[in-house]
Amino acid sequence: MKKALLGFGGFLFVVTILQVLRYYTFNGDMYFPEQKETYLAHQFGLYLHITGSTLAFILGPFQFFPKLRQKRMQLHRNMGKLYMLGVLVGSSAGIYMAPFAYGGFPTTMGFLSLAVISLFVTGMALRRVKEKRIGLHKEWMVRSYACIFAAATLRLYLGTFTVLSETGTIDLELAPAYIAISWMCWVPNLIVAEWIINRMRNQSDLSHVAANSTSAA
Ligand code: HEM
């Protein structure tokens, strides 16, 4: 189950990167057609958003590799600083882009909430590591990447919507679907993050019990 989830997450990760990298051809024709004019009018904000967010999106998973942390702590620290910079730039530019989002006010609120929450949880991760509270730092990083992974879940839902509507399975306009997706792409991710954090806490409790019983023996 864990392997299947990681495999599916890895697949979404690669597909998202390939899709986002197309933006660096700077060809306006492959912009989301409904938003082409908006994107052409706000190219600086859009590219700042994509560049910062993609940096965080790519670096994030490597920060969770235990071997990298154990063997190359300096690399982990440097990548962590770049990750935080990516979130700061990407989410701040996300706040700038949110009022222009497709679907109007409800979509704006969905993306705006995501941007503010991602800045908050990433800031908490930074604060906890500065206090050397590593367990809590890890927990806030799980929440942070759950927010950043919204880019992948958004594309999963949008792709599913496109297939379902093109095959006539559902009869729904893009605008209401996009409004729902602007919330669905991150709220469930944060619920999954809390589930992962709970598991991490239980595992660390178990290893403490095991360590105590070994030292008592
Ligand atoms: C904190 C998380 C994020 C927030 C708040 C956010 C916000 C936004 C907003 C408001 C838009 C404009 C949407 C519209 O026109 O309707 C947008 C578009 C875009 N974002 Fe993000 N985003 C986030 C994460 C990411 C990440 C991690 C990536 C890259 C991996 C990314 C890549 C893009 C791209 C390529 C677009 C252009 C439209 C598209 O192809 O979907 N975003 N984002």
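## A walk through an all-helix chain

Of the 217 residues in the protein chain, 24% count as buried. Keep in mind as you look around that this is a predicted model. The secondary structure of the chain consists of ten helices and zero strands, so that reading from the N terminus the order of elements is simply α-α-α-α-α-α-α-α-α-α. Along its principal axes, the C-alpha trace spans about 70 × 40 × 30 Å. Among the contacts in the chain with a separation of 6 or more, 70% join residues 24 or more positions apart.

Let's start with helix α1. Its 20 residues are hardly covered, as the count of buried residues among them is one. You can also check its length: at 1.5 Å a residue, α1 should span 28 Å, and because its end C-alpha atoms are 28 Å apart, the two values agree.

Next, let's go inside. The largest nonpolar core has 33 residues, and those with the most contacts inside it are A56, L114, C147, I148, F149, A150 and A151. Which helices each supply at least two residues of this core? They are α3, α5, α6, α7, α8 and α9. The largest share, six residues, comes from α7. To see one of the well-connected core residues up close, pick A150. Leaving aside residues up to four places away in sequence, A150 touches L114, C185, W186 and N189.

Helix α9, residues 174-184, is worth a stop of its own. Where do its buried residues pack? They lie against α6 and α8. The buried residues in α9 are A177, Y178, I179, I181 and S182. As a general point, an α-helix has 3.6 residues a turn, so residues three or four places apart point the same way. You may like to keep that in mind while turning the helix on screen.

Finally, look at the ligand. There are 25 residues around the ligand, and S53, G94, A101, A115 and A151 come nearest. Two or more residues of this shell come from each of α1 (2-21), α3 (43-59), α5 (73-97), α6 (105-130), α7 (134-148) and α8 (150-166). How does the shell divide into nonpolar, polar and charged residues? It holds 16 nonpolar residues, nine polar ones and no charged ones. A151 links two parts of this tour: it is among the residues with the most contacts inside the largest nonpolar core, and it is also one of those that come nearest to the ligand.

Key
Residues are numbered from 1 along each chain as its sequence is written. This is a predicted model: local features need pLDDT of at least 70, side-chain atom pairs count only at pLDDT 80 or more; totals for chains, interfaces and linings use all residues. A residue is near a molecule or strand if its C-beta atom, placed from the backbone, lies within 6 Å of it. Helices (H or I, at least four residues) and strands (E, at least two) are DSSP runs, numbered from the N terminus. Ala, Val, Leu, Ile, Met, Phe, Trp, Tyr, Cys and Pro count as nonpolar, Asp, Glu, Lys and Arg as charged, and the others, Gly among them, as polar. A residue is buried if 20 or more other C-beta atoms lie within 10 Å of its own, exposed if 12 or fewer, and partly exposed in between; C-beta atoms are placed from the backbone. Two residues are in contact if their C-beta atoms, placed from the backbone, lie within 7 Å. A nonpolar core is a set of buried Ala, Val, Leu, Ile, Met, Phe, Trp, Tyr and Cys residues joined through C-beta atoms within 7 Å. The expected span of a helix is 1.5 Å times one less than its number of residues.
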